[in-house]
Structure formats: structure tokens, C-alpha cells
Amino acid sequence: MSAGTSGVGGDARPLVTILVDDVAVPARAGEMLTTALARNGLLRLRKSPRAGGARGAFCHMGVCQECALHVDGVLRQACLTPVREGLTVERRGVL
Ligand code: FES
């Protein structure tokens, strides 16, 4: 196996780098953004607009809308967003 392609559980998808709140984070090309964030310990995705409580991915299938983030400047559901090299993610603020 070459460097950058071996992975946990035999995942051979290439490693890429995404930027989360301006910090470089490793991910696998094509995996869903929520998976990449969770693997890196990033479970808080935004704040609740009501009380400011932490919100995170709940359904992982595009129903709950709790995973809404700004991805490349556009509001998207992270659980339906495949990762690619250079993806930029902003978790800041209330959506
Ligand atoms: S986690 Fe529910 S819509 Fe993404």
C-alpha cells in the first residue's frame, strides 16, 4: 500500500485535506462530510438559533437538517455532501 491510501477498515480511498474553520483536517475522498468531521472529533456543527445549544448530525440521511453548514460558502447538508480535496467548511455561528 502506498502512503496516503491505507486506512482504517481497509478504506483505500485517497486521503484529502479539507478546511474546517480555517484548520486543515484529513478526510477520505468521496466520504460524506459528517463522517469525516466525526472521525476528527468534530461533532458540534453549529449552534441552535433558539438557545444557542450545540447541534450535530442526527439522522445522517438528509431529513433532520441538523447538519446544515456553510460548505464552499453555500448552506448545505453535511450528511449529503461528499468530501473532495480543498472543501471549505464553516461551523461558526447560528444557522
Ligand atoms: S444529519 Fe440529518 S439532515 Fe444531515
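Q: What makes the pairing of the Arg-46 and Glu-66 side chains a polar contact?
A: In this predicted model, the two side chains come to 2.9 Å. The limit for such a pair of N or O atoms is 3.5 Å, so the value of 2.9 Å qualifies.

Q: Why is Arg-46 called buried?
A: Arg-46, which sits in strand E3 (residues 46–47), has a relative accessible area of 8%. Buried means under 20%, so Arg-46 falls on the buried side of the cut-off.

Q: And what makes Glu-66 count as buried?
A: Its relative accessibility is 17%, which lies under the 20% limit, so Glu-66 is buried too. You will find Glu-66 in the loop between strand E4 (54–55) and E5.

Q: Which side chain besides that of Arg-46 makes a polar contact with the side chain of Glu-66?
A: That of Arg-55, at 2.9 Å. With a cut-off of 3.5 Å, this pair therefore counts as well. Glu-66 and Arg-55 are eleven residues apart in sequence, and their C-alpha atoms are 6.4 Å apart in space. Leaving aside neighbours within four places in sequence, Glu-66 also has Leu-45, Gly-56 and Phe-58 among its contacts.

Q: How do you know that Arg-91 is buried?
A: Arg-91 has 12% relative accessibility, and the limit is 20%, so the label fits. Arg-91 lies in the segment after strand E7 (88–90).

Q: What does the side chain of Arg-91 reach?
A: It reaches the backbone oxygen of Arg-44, at 2.7 Å. Set against the 3.5 Å limit, 2.7 Å therefore passes as a polar contact. Not counting residues up to four places away in sequence, Arg-91 also touches Val-20, Asp-21, Leu-42 and Leu-69, among others.

Now to the strands.

Q: Why are E2 and E6 said to stand at the edges?
A: The open sheet has five strands in the order E2-E1-E7-E5-E6, with mixed pairing. Strand E2 (23–28) and strand E6 (74–77) each have a single partner strand, so one side of each has no neighbour in the sheet. From one strand to the next, the twist averages 40°.

Q: How do you know that E1 and E7 pair?
A: Two bridges join them, in the parallel sense. Pairing needs at least two bridges, so E1 and E7 meet the requirement. Leu-19 stands opposite Thr-88 in E7.

Q: What makes the pairing in the sheet mixed?
A: Next to the parallel E1 and E7 there are antiparallel pairs: strand E1 (residues 15–20) and E2 share six bridges, while strand E5 (residues 68–71) and E6 share four. Val-16 has Ala-27 in E2 as its bridge partner, and His-70 stands opposite Leu-75 in E6. E1 and E2 form a hairpin with two residues between them, where Asp-21 in the turn has a positive phi of about 50°.

Q: How do the side chains along E1 show alternation?
A: Val-16, Ile-18 and Val-20 point to one face and are buried, whereas Leu-15, Thr-17 and Leu-19 point to the other and are not. This follows the usual pattern, because side chains in a regular strand alternate between the two faces of the sheet.

Q: Which residues touch the most other members of the largest nonpolar core?
A: Ile-18, Val-20, Leu-33, Leu-37, Leu-69 and Val-83, out of 18 residues. E1, E2, helix H1 (33–39) and E5 each supply at least two core residues. Beyond its neighbours within four places in sequence, Val-83 is in contact with residues including Val-16, Ile-18, Ala-27, Leu-33 and Ala-36.

Conventions:
Residues numbered from 1 in each chain as written. Predicted model: local features only at pLDDT ≥ 70, side-chain atom pairs only at ≥ 80, totals over all residues. Heavy atoms only, no water. Axes fitted to C-alpha atoms, helices over the stretch in contact; angles between N-to-C directions. Core = buried A, V, L, I, M, F, W, Y, C linked by side-chain atoms within 4.5 Å. Buried < 20%, exposed > 50% of the residue type's maximum accessible area, 1.4 Å probe, protein only. Contact = heavy atoms within 4.5 Å. Polar contact = N/O pair within 3.5 Å; in protein donor to acceptor, adjacent residues only side chain to side chain.
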